[in-house]
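Here is a note for someone opening this entry without any background. Please keep the sequence and the 3D view at hand while reading.

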Amino acid sequence: MIQFTDVYKRYQDRHEALSGLSFHLNKGEMAFLTGHSGAGKSTLLKLIALIERSTHGQVLVNQQNLTRISKRKIPYYRRQIGLVFQDHNLLHDRTVFDNVALPLIIEGENHREVGRRVRASLDKVGLLSKERSLPIALSGGEQQRVGIARAVVSRPPILLADEPTGNLDPDLSRDIMNLFEQFNQVGVTVFIATHDLELISTLPYRQIALHQGRLAQQAAQ
Amino acid sequence: MKGLSFNFKGYLLRHLQVMLFSLGRLWQQPLSSLMTATVIGIALALPAGLYVLLQNVNTVSDQWDDASKITVFLEQGIQTNHGEKLANDIKTWPEISDTIYQSSDQTLEEFRHLSGLNDLLDALPKNPLPAVVIVTPDENNVTSESVSGLLEKLQALASVDQVQLDMEWLQRLRSINKLLERGIGLLAALLSLSVLLVIGNTIRLAILSRQSEIRVMKLVGATDRFIRRPFLYTGFWYGILGGLFAWITLIIMMSLISDPINDLTSRYSSAFTLQWFTGFLLLVLPSIGTLLGIGGAWLAVGRHLDNIEPD
């Protein structure tokens, strides 16, 4: 589903974030991306989401070669990927419902379908009762779940998360991971960058560890 | 076909939603929105007001009155009955409403009366003044443009020496009007440009204040067109509201000056009333405002939206 072949990413200040990285993530797989901050985790996710482009090498996502996707086509490409961020990236002047509905509105989904799918998505993350709240009125864990609901509402085949539990206590973190597992169980490919090794050590998924832009290890548990 | 019409309906519905959404955002900051719309309104009202005044002056100068009588000087030694016949002939022309024949003796008498040069005139061996026909053109059939043709026609008549129309003041007024028209045009162009820039800058600030929102939208797959749309509608609202403000400002200004103007004109010509062009301006001002609004928004969006990318 996601395949990196000898990928380099060099920034304009000549800092090399990724050096000759190759790995493959299967369809329907769930995996963690680990490493110290500065190891290249964020850069790797940005390449998949086409926020950045690789300097060298090939990135294949869902059978598409990312170097061949023009700037105009990027929005349509991104609709196949649900993104979850550490700081949620919610729109604070809109209700929970409107936040989750955003990807569907962008796709031009009709009114009734939007309502149905937003509520299904909010129900899945346990926030159906909060649909009229503003994000500011929610706790950190709830805001993160709104972010997840938004990421999955358009049923993308791939879910990417960058430090989704970074600001949460262990119990809430476990809840969030549990949610990701549930999406993985219905066939979504899930790729989560995290430095919370303690949390993921108890989970039976592959870990891809980065060290200074290279693969440190590739161990399946 | 059914699917197509359904999609089109959905498309219109989405546009309507964005349109109302943009209006709602303006409503959230009523004071600053009002100020922007007022600036636009004043900038549009100024040239429009001058245009209305100029149109009124043109209406006045297009009207015929006593000052535009034509004096036809006949050749020396024309007999009175010949002159009277000529005057009657001219009177039958469709573009003429009246003629008066005045023999050379009558002309001398009039000149004597007006000038007060009795002694000097008595000293002349013979009357140097010609007989004249005073022609009043029919204002329904003769315009200030077609009058020169009439003058040539009179000049071509046998036994006519010279034709004179006291038109100079009218021509001067018309030249001044042309100059003013050009000036108002330039002023309107400059003020339109400033409206364009005001709206552009307002939209630019709106874009900057929504940078993080735009980033999020791009991350969840929004096209540039989708992101652009609410900003263009914001420009549209500023423009149309500014145009309506301009119209209201103009009506207020006109009602303030209409009394003194009517007072002034009643001393010259009782037929004149101030033309307001209210319907025409109600159509034109918001239309121009809308065009400038969307144009200014387009400039701002084109320049700034591209620079905002997720990081």
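The points below start with chain B as a whole, go on to the contact between the chains, and end with chain A.

1. Status of the model. This is a predicted model. Read every value below as computed from that prediction.

2. Make-up of chain B. Chain B holds 10 helices and 4 strands. Follow the sequence and the order of elements is α-α-β-α-β-α-α-β-α-β-α-α-α-α. The pattern thus opens with two helices and closes with four.

3. Overall form of chain B. Is chain B compact or spread out? Its radius of gyration is 32 Å. The globule rule gives 19 Å for 311 residues, so chain B is more spread out than a compact globule. The box around its C-alpha atoms, taken along the principal axes, is roughly 105 × 50 × 30 Å.

4. Burial and contacts in chain B. Of the 311 residues in chain B, 25% are buried. Now take the contacts in chain B between residues at least 6 apart in sequence. Of these, 86% join residues at least 24 apart.

5. Helix H10 of chain B. This helix covers residues 278-304, which makes 27 residues. At 1.5 Å a residue, the expected span is 39 Å. The end C-alpha atoms are 38 Å apart, which agrees. Which residues of H10(B) are buried? Among them are B:Leu281, B:Leu285, B:Ile288, B:Leu292 and B:Val301. The buried set also includes the glycines B:Gly289, B:Gly293 and B:Gly296. B:Pro286, B:Ala297 and B:Ala300 are buried as well.

6. Where the chains touch. Chain A gives 14 residues to the contact and chain B gives 11. On the chain B side, the elements with two or more residues are helix H1 (2-28) and helix H8 (211-219) of chain B. H8(B) has the largest share there, with 3 residues. By type, the chain B side has 6 nonpolar, 3 polar and 2 charged residues.

7. The antiparallel sheet of chain A. Four strands form an open sheet in the order S2-S1-S4-S5 (chain A), and the pairing is antiparallel. At the edges are strand S2 (16-25) and strand S5 (64-65) of chain A, each paired on one side only. Strand S1 (residues 2-10) of chain A meets S2(A) over 6 bridges, in the antiparallel sense. There, A:Phe4 is opposite A:Phe23 of S2(A). Helix H1 (residues 41-48) of chain A lies across S1, S2 and strand S4 (56-61) of chain A. This helix runs at about 120 degrees to S1(A).

8. Two positive phi values to check. A:Asp6 belongs to strand S1 of chain A. Its phi is near 50 degrees, positive although the residue is not glycine. Is A:Asp6 buried or exposed? A residue with 12 or fewer C-beta neighbours inside 10 Å counts as exposed. A:Asp6 has 12, so A:Asp6 is exposed. The second case is A:Gln63, in the loop between S4 and S5 of chain A. A:Gln63 is not a glycine either, and its phi is about 65 degrees. A:Gln63 has 8 other C-beta atoms within 10 Å and is exposed.

9. Helix H3 of chain A. How many of the 11 residues of helix H3 (residues 96-106) of chain A are buried? The count is 9, and the helix is mostly covered. The buried residues include A:Val96, A:Phe97, A:Asn99, A:Leu102 and A:Ile106. What covers them includes helix H4 (111-124) and helix H5 (140-152) of chain A. Helix H9 (224-266) of chain B is also part of that cover. Just after H3(A), A:Gly108 has a positive phi of about 75 degrees.

10. Strand S7 of chain A. Strand S7 (residues 158-162) of chain A has 5 of its 5 residues buried. A:Ile158, A:Leu160 and A:Asp162 are on one side, with A:Leu159 and A:Ala161 on the other, and both faces are covered. Strand S6 (residues 81-84) of chain A pairs with S7(A) in the parallel sense over 4 bridges. In that pairing, A:Ile81 stands opposite A:Ile158. S7(A) also pairs with strand S8 (residues 189-193) of chain A, again in the parallel sense, over 5 bridges. A:Leu160 has A:Phe191 as its bridge partner in S8(A).

Notes. Residues numbered from 1 in each chain as written. Chains lettered and ligands numbered in written order. Predicted model: local features only at pLDDT ≥ 70, side-chain atom pairs only at ≥ 80, totals over all residues. Contact = placed C-beta atoms within 7 Å. Nonpolar A, V, L, I, M, F, W, Y, C, P; charged D, E, K, R; others polar. Expected span 1.5 Å × (residues − 1). Buried ≥ 20, exposed ≤ 12 C-beta atoms within 10 Å, placed from the backbone. Rg over C-alpha atoms; globule rule 2.2 N^0.38 Å. Pairing = 2+ DSSP bridges. Axes fitted to C-alpha atoms, helices over the stretch in contact; angles between N-to-C directions.
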